[in-house]
Amino acid sequence: DAQSRGGGRFAFFDRSRALENHERLILERDLQAAIEYGDLVLFYQPKVDIRTGELVGLEALVRWKHPKLGMVPPLKFISIAEETGLIVPLERWVLRTACLQMQQWMREGHPPVPVAVNLSQIHLMQTDIVESILSTLAELNYDTKLLELEVTESAMMNNEEQVIEILGRLKQAGISISLDDFGTGYSSLSYLQMLPIDCLKIDRSFIKGIATHANSLAIVEMILSMARQLDLRIIAEGIEHEEQVQLLRGLRCFTAQGFYYGKPVAAEDFYALGFDQRKLGS
Ligand code: C2E
Ligand code: MG
Ligand code: MG
Ligand code: MG
């Protein structure tokens, strides 16, 4: 009957939650070693000009190759990294690895496009963050113009003055700043105009519905007009269908990222997506 089925459901729920807690404990225990001993890996996802199909940038996204649990997605360990402070060495590794990878690609003749790395609020608020990033780039002799930092809207909402100062110095050095998952936070127009940012990344949740939901389309249109008012670049995240591409084209939003153009893949698979050919063919 309903009662016993309900009971069964709860038992199942408890069991899966216990498994989840267990997994989290394992991840907490192993994260430091993973950073030190090289169990993290970066995947890369293309950012594309929808008019030409040309590659205009990449985003580096971290994964954890856990010896027992297999490939662990970032959503399972970024919050652990933030809570333990390990996000700082983790993202330092991400920055260095992404820059080295770009340099290798450029040596191999691939185009010099910017790579984006995600920056946690915890890392952003480190007192030496600007020096740390700039000294890494200097040491690698990496062009600051080819680096983009993606920061979420919520990370910007606390310590506003400090954030503005930090981002301003990074931008001054030539690095571009993107506001990630835009639309999911509560930035006001007046706050946005104070931020030293270059680009808004429209969150996937709005793009998902643009072809089917009038509300999503209205929100995307509003974000686009805001970005134009503020003279910001814009990129649509989470493009999965041709229909979405056509709609964005109509709205004159010409930069996109999503499974439609390519899922995040390991470095060795990235150029197999065909971006060189498309560039030569255009
Ligand atoms: P994000 O920065 O917004 O990155 C985009 C996420 O959306 C990626 O998930 C990507 O695989 C996914 N995505 C891209 N296109 C599509 C699409 O068309 N459809 C769908 N369904 N998903 C799409 P991923 O790689 O699992 O990363 C999730 C989040 O983890 C990232 O979201 C970012 O917030 C965080 N993350 C990854 N690497 C780092 C890092 O080094 N530092 C920090 N702080 N966060 C990171
Ligand atoms: Mg991002
Ligand atoms: Mg995003
Ligand atoms: Mg996101």
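Along the chain, the residues that hold the magnesium ion (ligand 3) follow the spacing D-D-x55-E. In this predicted model, they are Asp180 (OD), Asp181 (OD) and Glu237, which appears twice through OE, at 2.1 to 2.5 Å. Such donors are N, O and S atoms within 2.8 Å of the metal (3.2 Å for Na, K and Ca), and because water is not among the atoms, sites may look incomplete. Asp180 sits in strand E6 and Glu237 in strand E8 (residues 233–237), so this pair links parts of the chain that are 57 residues apart. Strands here (E, at least two residues) are DSSP runs, numbered from the N terminus.

Now let's meet the neighbour. The magnesium ion (ligand 2) lies 3.9 Å from ligand 3, and Asp180 coordinates both. Its protein donors are Glu59 (OE), Asn118 (OD1), Glu150 (OE) and Asp180 (OD), 2.0 to 2.2 Å away. Their spacing in sequence reads E-x58-N-x31-E-x29-D. Glu59 belongs to strand E2 (residues 54–66) and Asp180 to strand E6 (residues 176–182), so this pair ties together parts 121 residues apart in sequence.

Are these residues buried or exposed? Asp180 and Glu237 are both buried, where buried means under 20% relative accessible area, exposed over 50% and partly exposed in between (1.4 Å probe, protein chains only). For Asp180 the relative accessible area is 7%, and Glu59 is buried too, at 4%.

A word on conventions: residues are numbered from 1 along each chain as its sequence is written, while chains are lettered from A and ligands numbered from 1 in the order in which they are written. Local features need pLDDT of at least 70, side-chain atom pairs count only at pLDDT 80 or more, totals for chains, interfaces and linings use all residues, and side-chain values use heavy atoms, leaving out hydrogens and water.

Notes. Helix = DSSP H or I, 4+ residues; strand = E, 2+ residues; numbered from the N terminus.
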